[in-house]
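Hello,

Here is the structure I promised to pass on to you. Have a look at it, and then read on for what turned up.

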Amino acid sequence: MTTSEQNLASGPGWHVSDVVCTAGAGDRPFEEEHRTYCVAAVTSGTFRYRTRQGMAMLAPGAILLGNPGACYECGHEHGAGDRCLSFHFAPDYMEGIIAEVPGARRLGFAAPRLPPLPVLAPLLAEAEAARETAESDAFEDLGLRIAGAVVAATTGSMRARRPPSRRDQKRVAEAVRLIELEADRPLSLAELADGTATSPYHFLRTFRQVAGMTPYQFLLKTRLHRAAVRLRMSNDAISAIAFEAG
């Protein structure tokens, strides 16, 4: 077996894996099938990817694109091994993302890959850092942001967004209050979005517009602020405060 896959995080309709392949020029490619929509960021190595959308050479920074039910092959005749952060989305989950991207209408990727793009570089750096630090809670909103950016890039719909409505601003304010009240426990993006009666991607996009950061980043900021206040006001050990702050 030349490929190992480690699940990093998952939720309803999505999961993300760290996929490491050790295949080389002497290993014969074999056919596999995408079970869901796949958006895989190549973080090291190069390989040839062939699917019904076409064939492409992938290198670090590129994005492999896969549609449910599509068969594919990966070959390493030009170098051994690669590593990818592989995000997977169920069709109804991806449909919700596409519905929120201006100008995006088609469900399914027409190309086999995206080349390394400057607009995606900061997101991919965040994702790789989350993998290396085992920050599994970060992957829910990272997956949505990466999927939305990839859909926008593949459809050419990178135009400016409309300002958030008063209703959306109210929803974000309610979510902020919930985060502040319950910052000491895990709060998933799905849970926060359910409380606003919107899709996770719409909620994430609106929250970033209104608050200037993602819900997960706001949760971390809240915890760090409380830890900083406690450091000033108590003689407790730093390690104890950090542990209790999550």
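To start with a question: which side chain does Asp18 join through a polar contact? The partner is Arg83, and the contact between the two side chains is 2.7 Å. Please keep in mind throughout that this is a predicted model.

**Around Asp18**

You will find Asp18 in strand E2, which covers residues 14-21. With a relative accessible area of 6%, Asp18 is buried. Apart from neighbours within four places in sequence, Asp18 is in contact with Ser4, Glu5, Gln6, Leu8, Arg83, Cys84 and Arg131. So Arg83 appears both in that contact list and in the polar contact, and Cys84 leads on to the next topic.

**Cysteines**

How many disulfides are there? The count is zero. Take Cys21, which is in no disulfide: the nearest cysteine sulfur belongs to Cys74 and is 7.3 Å away. Cys21 is buried, at a relative accessible area of 9%. Cys84 tells a similar story, because the closest cysteine sulfur, again in Cys74, is 7.7 Å from that of Cys84, too far for a bond. Cys84 counts as buried too, with 6% relative accessibility.

**Aromatic pairs**

The model has six aromatic pairs. One of them is formed by Tyr37 and Phe109 and is edge-to-face, with 6.2 Å from centre to centre and 85 degrees between the planes. Tyr37 sits in strand E4 (residues 37-45), while Phe109 belongs to the loop between helix H1 (91-100) and strand E10 (113-114), so this pair ties together parts that are 72 residues apart in sequence. Are these two rings buried or exposed? Tyr37 counts as buried at 7% relative accessibility, and Phe109 is buried at 7% as well.

Phe207 and Phe218 make another edge-to-face pair, with centres 6.2 Å apart and 70 degrees between the planes. Here the link runs between helix H6 (residues 200-211), which holds Phe207, and helix H7 (residues 215-233), which holds Phe218; the two residues are eleven apart. Phe207 is buried, with a relative accessible area of 0%, and Phe218 counts as buried at 10%. Ring pairs also bring in Phe203, giving a cluster of Phe203, Phe207 and Phe218.

**Strands**

In what order do the four strands of the open sheet run? The order is E3-E8-E5-E6, and the pairing is antiparallel. Strand E3 (32-33) and strand E6 (54-58) are the edge strands, each pairing on one side only. Between strand E5 (residues 47-51) and E6 there are five bridges, in the antiparallel sense. If you want a place to look along that pairing, Arg48 has Met57 in E6 as its bridge partner.

Strand E7 (residues 63-66) is worth a look as well. Ile63 and Leu65 point one way from E7, Leu64 and Gly66 point the other way, and all are buried. E7 pairs with E4 in the antiparallel sense over four bridges, and with E10, also antiparallel, over two bridges. Ile63 shows both pairings: Ala41 stands opposite Ile63 in E7, and Leu114 in E10 is the bridge partner of Ile63. Since E4 also holds Tyr37, you can move from there back to the aromatic pair with Phe109.

**Domains and the far end**

The domain assignment gives domain 1 (3-155) and domain 2 (166-245). How far apart do the C-alpha centres of the two domains lie? The distance is 28 Å. The two domains do touch: 13 residues of domain 1 are in contact with 14 residues of domain 2.

Lastly, look at Ser234, in the loop between H7 and helix H8 (238-245). Ser234 is partly exposed, with a relative accessible area of 23%. From Ser234 to Trp14 the separation is 220 residues in sequence and 41 Å in space, C-alpha to C-alpha.

I hope this helps you find your way around. Do write back with any questions.

Best wishes

Definitions and conventions:
Residues numbered from 1 in each chain as written. Predicted model: local features only at pLDDT ≥ 70, side-chain atom pairs only at ≥ 80, totals over all residues. Heavy atoms only, no water. Phe/Tyr/Trp six-rings, centres within 6.5 Å; stacked < 30°, edge-to-face > 60°. Buried < 20%, exposed > 50% of the residue type's maximum accessible area, 1.4 Å probe, protein only. Disulfide = S-S within 2.5 Å. Polar contact = N/O pair within 3.5 Å; in protein donor to acceptor, adjacent residues only side chain to side chain. Contact = heavy atoms within 4.5 Å. Pairing = 2+ DSSP bridges. Domains from an automatic or database assignment.
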